[in-house]
Amino acid sequence: MVMEERRRMVVGLRGRGLSLSEEVESALLKVPRHLFLPEDVRSCAYRDAPLPIGDGQTVSAPHMVAIMAEALELREGHKVLEIGAGSGYNAAIMAELVGPGGRVITMERHGSLAKRAARVLLERGYSNVQVVVGDGSLGYPEEAPYDRISVTCGAPGVPGPLAEQLGEGGVMVIPVGGLEHQSLLRVRKVGGRTATEDLGSVIFVPLIGERGHRSKQ
Ligand code: SAM
């Protein structure tokens, strides 16, 4: 039944014109999105919609997860840094794409979300994912450089530490703009320099931190 719902979700994404690689499609079919969500929203897990996950945060809609996974050009063996672990769902999708020889390090500023994401990831056997509590606007220099960096919250600009921690030939996907909406940017590092493409308009919750937006509290 749940597998059928995931199939319908993928058919729906294709029906809306999203071009999905075989790899991304099979990750979307494999990862049980409902298990990463709080019980009260599980019945909506396979709708193409962002959903609340607690602490005022949301898991991105499946189409956005797919768009970011495609834009990142993830390959087996990549070491990935994600900023904004949230529910852990996107980390699981990326863990499928980089395989057991790759790694995903995902940072989350809310300890409660990080704890729940880490538990579900462990229960689902994602031993190639590590959840780190901290300010992702500063990156995670301990494990740099990264082949890929995925930022799943909106930043006022590309944080310098993230650009520095991106390895040569690396790709970062990051929403950049104001609090209301952002542009999804793909940043490539070639010859020590970064080149940026605008992939379109998006809406993400803010990156709050030293090199992000200021917290309201
Ligand atoms: N990738 C997540 C998932 O699959 O559920 C969804 C991420 S949600 C759209 C954005 C997340 O970024 C929130 O959980 C938020 O707490 C987190 N966040 C915001 N600023 C952050 C920061 N400086 N460091 C780490 N996480 C941050």
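**Note on the ligand shell and the buried helices**

1. Strand E2 makes the greatest contribution to the shell around the ligand, giving three residues. The structure is a predicted model, and the points below should be read with that in mind. Strand E2 (57-59) is joined by helix H4 (89-98) and strand E4 (103-108), and each of these elements supplies at least two residues of the shell.

2. How many residues surround the ligand, and which are the closest? The ligand is surrounded by 27 residues, and the closest are Gly84, Ser87, Glu108, Gly136 and Ile208. The space that the ligand takes up is the largest pocket.

3. Polar contacts can be followed from nitrogen atoms of the ligand. A ligand nitrogen lies 2.8 Å from a polar backbone atom of Gly136, and a ligand nitrogen is also found 3.4 Å from a polar backbone atom of Gly134. At Glu82 the partner belongs to the side chain, where an N or O atom is 3.1 Å from a nitrogen atom of the ligand. The ligand taken alone exposes 610 Å², of which the protein buries 99%.

4. Helix H4, which supplies at least two residues of the ligand shell, is itself largely enclosed by the rest of the structure, because nine of its 10 residues are buried. The buried residues of H4 are Tyr89, Asn90, Ala91, Ala92, Ile93, Met94, Ala95, Leu97 and Val98. After H4 comes Gly99, which has a positive phi, near 70°.

5. Where does Asn128 lie? Asn128 is found in the loop between helix H5 (111-123) and strand E5 (129-133). Although Asn128 belongs to a loop, this residue counts as buried because its relative accessibility is 11%, and the cut-off for buried is under 20%. A polar atom of the Asn128 side chain lies 3.5 Å from the backbone oxygen of Ala95, and Ala95 is one of the buried residues of H4. When neighbours within four places in sequence are left aside, the residues in contact with Asn128 are Ala95, Val98, Gly99, Pro100, Gly102, Arg103 and Val104.

6. Helix H3 can be read in a similar way to the helix discussed above. Eight of the 11 residues of H3 are buried, and therefore H3 is largely enclosed by the rest of the structure. The buried residues of H3 are Pro62, Met64, Val65, Ala66, Met68, Ala69, Ala71 and Leu72. Just after H3, Glu73 adopts a positive phi of about 50°.

7. Which residues of helix H2 are buried, and which helices do they pack against? In H2 (residues 22-30), the buried residues are Val24, Ala27, Leu28 and Leu29. These buried residues of H2 pack against helix H1 (2-15), helix H3 (62-72) and H4.

8. The last residue to consider is His213, which is placed in the segment after strand E9 (193-202). Is His213 buried or exposed? His213 is buried, because its relative accessible area is 14%, where under 20% is required. His213 and Pro156 are 57 residues apart along the chain, yet their C-alpha atoms are separated by 6.4 Å. Apart from neighbours within four places in sequence, His213 is in contact with Gly154, Ala155, Pro156, Gly177, Gly178, Leu179, Pro206, Leu207 and Ile208. Among these contacts of His213 is Ile208, which also appears among the closest residues to the ligand.

Note on methods: Residues are numbered from 1 along each chain as its sequence is written. This is a predicted model: local features need pLDDT of at least 70, side-chain atom pairs count only at pLDDT 80 or more; totals for chains, interfaces and linings use all residues. Side-chain values use heavy atoms; hydrogens and water are left out. Helices (H or I, at least four residues) and strands (E, at least two) are DSSP runs, numbered from the N terminus. Buried means under 20% relative accessible area, exposed over 50%, partly exposed in between (1.4 Å probe, protein chains only). Contact means heavy atoms within 4.5 Å. A residue is near a molecule or strand if one of its heavy atoms lies within 4 Å of it. A polar contact is a pair of N or O atoms within 3.5 Å; within protein, one must be able to donate a hydrogen and the other to accept it, and residues adjacent in sequence count only if both atoms are side-chain atoms. Accessible areas come from the Shrake-Rupley method with a 1.4 Å probe; for residues, only the protein chains shown count as cover. On a 1 Å grid over the protein atoms alone, a cavity is a set of points where a 1.4 Å probe fits but cannot get out, and a pocket is an open set with protein on both sides within 12 Å along at least five of seven lines; lining residues have an atom within 4 Å of a point. A molecule sits in a cavity or pocket if more than half of its atoms lie within 2 Å of its grid points.
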